[in-house]
Amino acid sequence: QVQVVESGGGLVQAGGSLRLSCTASGLTFDGYHMGWFRQAPGNEREGVSCISWIGGTYYADSVKGRFTISRDNAKNTLTLQMNNLKPEDTAMYYCAVDRQNYNHIFSCAPGPFGYWGQGTQVTVSS
């Protein structure tokens, strides 16, 4: 019954911006950690940015200062504003929801996240 759908990826020039969106349904959205993850060919899936149900945030060092995560609990949506994109940002980006509600542990590792979208491709040209 839980459905996670992300959108907003595309092809962009280096230095450009994209805004990714995610909608999660079938759960009490405001009670779950949410996150954006990415995986490029040959690399492990990594946490890009996560936001807790309280509103605390995490950013990978590689994107800090360039990406901003936010959530709108009234609309069950999660966004990732990506600015000053670089070729190394090229990857499949996934939206995910923690498997446990009201989790007192906040992590942006993929393991604790149990519900995943199908992904949206981000390609940054050089």
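**Note on the predicted model: loops, sheet, cores and ring pairs**

1. Start with Asn-76, which sits in the loop between β7 and β8. The model is predicted, so read each point below as a statement about that model. Asn-76 has a positive phi of about 55°, although it is not a glycine. Most residues other than glycine have a negative phi. At a relative accessible area of 25%, Asn-76 is partly exposed.

2. Tyr-102 also deserves a look. Its phi is positive too, about 50°, and it is not a glycine. Tyr-102 lies in the loop between β9 and β10 (113–116). Its relative accessibility is 41%, so Tyr-102 counts as partly exposed; the cut-offs for that class are 20% and 50%.

3. Next, the sheet. Four strands form an open sheet in the order β1-β3-β8-β7, and the pairing is antiparallel. Why do β1 (3–7) and β7 (67–72) each have one side without a neighbour in the sheet? Both stand at the edges with a single partner strand, so one side of each is left free of a neighbour there. From one strand to the next, the twist averages 15°.

4. Within that sheet, β1 pairs with β3 (residues 18–25) in the antiparallel sense, over 5 bridges. Strands of a sheet pair through backbone hydrogen bonds. Ser-7 has Ser-21 of β3 as its bridge partner.

5. Ser-7 leads on to Thr-120. This threonine lies in strand β11. Thr-120 and Ser-7 are 113 residues apart along the chain, yet their C-alpha atoms are separated by 5.8 Å. Beyond its sequence neighbours up to four places away, Thr-120 touches Glu-6, Ser-7, Gly-8, Gly-9, Leu-20, Ala-91, Met-92 and Tyr-93. The side chain of Thr-120 reaches the backbone nitrogen of Gly-9 at 3.0 Å. Is Thr-120 buried or exposed? Its relative accessible area is 11%, so Thr-120 is buried, given the 20% cut-off.

6. Now the packing. Nonpolar side chains tend to be buried together in soluble globular proteins. Here the largest nonpolar core holds 29 residues. Which of them touch the most other members? They are Met-34, Trp-36, Phe-67, Leu-78, Leu-80, Met-82 and Tyr-93. At least two residues of this core come from each of β3, β4 (34–39), β5 (46–51), β7, β8 (77–82), β9 (91–98) and β11 (120–125). There is also a second, separate core of 5 residues, with Phe-37, Ala-96, Cys-108 and Phe-113 among them.

7. How many aromatic pairs does a search of the whole structure find? The count is 4. One of them joins Phe-37 and Trp-116, with 4.9 Å centre to centre and 55° between the planes, and this pair is tilted. The pair links distant parts of the chain: Phe-37 is in strand β4, Trp-116 is in strand β10, and their positions lie 79 residues apart. Phe-37 is buried at 0% relative accessible area, whereas Trp-116 is partly exposed at 26%.

8. Trp-53 and Tyr-102 make another ring pair. Their centres are 5.1 Å apart and their planes stand at 85°, so the pair is edge-to-face. It links two loops that are distant along the chain: Trp-53 is in the one between β5 and β6 (57–59), Tyr-102 in the one between β9 and β10, 49 residues apart. Trp-53 counts as partly exposed, at 29% relative accessibility.

9. Last, the ring cluster. Ring pairs join Phe-37, Tyr-94, Phe-113 and Trp-116 into a cluster. Of these, Phe-37 and Phe-113 also belong to the second core.

Methods: Residues are numbered from 1 along each chain as its sequence is written. This is a predicted model: local features need pLDDT of at least 70, side-chain atom pairs count only at pLDDT 80 or more; totals for chains, interfaces and linings use all residues. Side-chain values use heavy atoms; hydrogens and water are left out. Two strands pair if DSSP finds at least two bridges between them. Axes are lines fitted to C-alpha atoms, for helices over the stretch in contact, and angles run from 0 to 180 degrees between N-to-C directions. A nonpolar core is a set of buried Ala, Val, Leu, Ile, Met, Phe, Trp, Tyr and Cys residues joined through side-chain atoms within 4.5 Å. Buried means under 20% relative accessible area, exposed over 50%, partly exposed in between (1.4 Å probe, protein chains only). Contact means heavy atoms within 4.5 Å. A polar contact is a pair of N or O atoms within 3.5 Å; within protein, one must be able to donate a hydrogen and the other to accept it, and residues adjacent in sequence count only if both atoms are side-chain atoms. Rings of Phe, Tyr and Trp (its six-membered ring) pair if their centres lie within 6.5 Å; planes under 30 degrees apart count as stacked, over 60 as edge-to-face and the rest as tilted.
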